[in-house]
Amino acid sequence: MAEAQPNDCIFCRIARGKLGTEFVAESEHSVAFRDLHPQAPVHVLVVPKRHFAGLREVGDEDWHVTADALALAARVAAEQGLYDGGYRVITNDGPDAGQTVWHLHFHVLGGAKLQAGLG
Ligand code: AMP
């Protein structure tokens, strides 16, 4: 599996503020910004500042980073007004799941009735 190295990883560059991407929220270990190609009225990506190619790369000592990201996902959902209608948080890990950016991220989707089913 081709994995981007941090130096040429687009999400590393965004998280470091190199591309001027506007963050909708930030926490100690994660940033949140709008997806370039939104699949729902609200589509925000929550991205750990540290590079992991995907969920499978998170080591035993690093799960606090994913906890931080999920907490930020819930905060984003609240701040974007998604608590009443509900929202979805997903991560794609690997080609069969459709992962295209090889830096761990969580999609926060909401603002409309989402398609039922998980794949
Ligand atoms: P995935 O297919 O789960 O790896 O999701 C990658 C997501 O990143 C896609 O929804 C893309 O639209 C989104 N994306 C790629 N590049 C950027 C970017 N520069 N800024 C915001 N979103 C991006």
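**View 1. Lys113 in the segment after strand E5.** In this predicted model, Lys113 is exposed, its relative accessible area being 83%, a value that lies above the cut-off of 50% used for exposed residues. The place of Lys113 in the chain is the segment after E5. Between the C-alpha atoms of Lys113 and Asp35 there are 18 Å in space, while 78 residues separate the two in sequence. Asp35 itself belongs to the lining of the largest pocket, where it is one of the residues that lie nearest the centre.

**View 2. The largest pocket and its lining.** The largest pocket has a volume of about 400 Å³, and its lining is made up of 19 residues. Nearest the centre of this pocket lie Asp35, His37, Gln39, His43 and His107. Sorted by character, the lining consists of 10 nonpolar, six polar and three charged residues. At least two lining residues come from each of helix H1 (10-15), strand E2 (30-34), strand E3 (42-48), strand E4 (87-90) and strand E5 (106-110). Among the contributors, H1 gives the most to the lining, with three residues.

**View 3. The salt bridge between Glu26 and Lys49.** Four salt bridges are found in the structure, and the view shows one of them, formed by Glu26 with Lys49, whose closest N and O atoms are 3.0 Å apart. This pair links distant parts of the chain, since Glu26 sits in strand E1 (residues 25-26) and Lys49 in the loop between E3 and helix H2 (63-79), with the two positions 23 residues apart. Both partners are partly exposed, Glu26 with a relative accessible area of 42% and Lys49 with 32%. In general terms, side chains of opposite charge can pair when their charged atoms come close.

**View 4. The salt bridge between Arg50 and Asp62.** Arg50 and Asp62 form a further salt bridge, in which the closest N and O atoms are 2.9 Å apart. Both residues lie in the loop between E3 and H2, so the pair ties together parts of the chain that are 12 residues apart in sequence. The two partners stand in contrasting surroundings: Arg50 is partly exposed, with a relative accessible area of 43%, whereas Asp62 is buried, with a relative accessible area of 6%. The value for Asp62 falls in the buried class because that class takes in everything under 20%.

**View 5. The salt bridge between Glu79 and Arg75 within helix H2.** Here Glu79 forms a salt bridge with Arg75, with 3.3 Å between the closest N and O atoms. Both residues belong to helix H2, and they are four residues apart, which is about one turn of the helix. Glu79 is partly exposed, its relative accessible area being 48%, and Arg75 is likewise partly exposed, at 34%.

**View 6. The largest nonpolar core and the surroundings of Ala32.** The largest nonpolar core has 17 residues, and those with the most contacts inside it are Ala32, Val44, Val46, Leu72, Val76 and Val108. The elements that supply two or more residues to this core are E3, H2 and E5, and of these H2 gives the most, with six residues. When neighbours within four places in sequence are left aside, the residues in contact with Ala32 are Glu22, Phe23, Val24, Ala25, Val44, Leu45, Val46, Leu72 and Val76. Another core, of nine residues, lies apart from the largest one, and its members include Cys9, Phe11, Val31 and Val47. As a general tendency in soluble globular proteins, nonpolar side chains are buried together.

**View 7. Ala25 in strand E1.** Ala25 lies in strand E1 and is buried, with a relative accessible area of 7%. Not counting residues up to four places away in sequence, Ala25 touches Val31, Ala32, Leu72, Arg75, Val76 and Glu79. This set of contacts includes Arg75 and Glu79, the two partners of the salt bridge within H2, as well as Ala32, Leu72 and Val76, which are among the residues with the most contacts inside the largest nonpolar core. The C-alpha atoms of Ala25 and Val44 are separated by 9.8 Å, the two residues being 19 residues apart along the chain.

Definitions and conventions. Residues numbered from 1 in each chain as written. Predicted model: local features only at pLDDT ≥ 70, side-chain atom pairs only at ≥ 80, totals over all residues. Heavy atoms only, no water. 1 Å grid on protein atoms, 1.4 Å probe; cavity = no way out; pocket = protein on both sides within 12 Å on 5 of 7 lines; lining within 4 Å. Points joined across faces, edges and corners; volume = space filled by probe spheres on them. Nonpolar A, V, L, I, M, F, W, Y, C, P; charged D, E, K, R; others polar. Salt bridge = Lys/Arg side-chain N within 4 Å of Asp/Glu carboxyl O. Buried < 20%, exposed > 50% of the residue type's maximum accessible area, 1.4 Å probe, protein only. Core = buried A, V, L, I, M, F, W, Y, C linked by side-chain atoms within 4.5 Å. Contact = heavy atoms within 4.5 Å.
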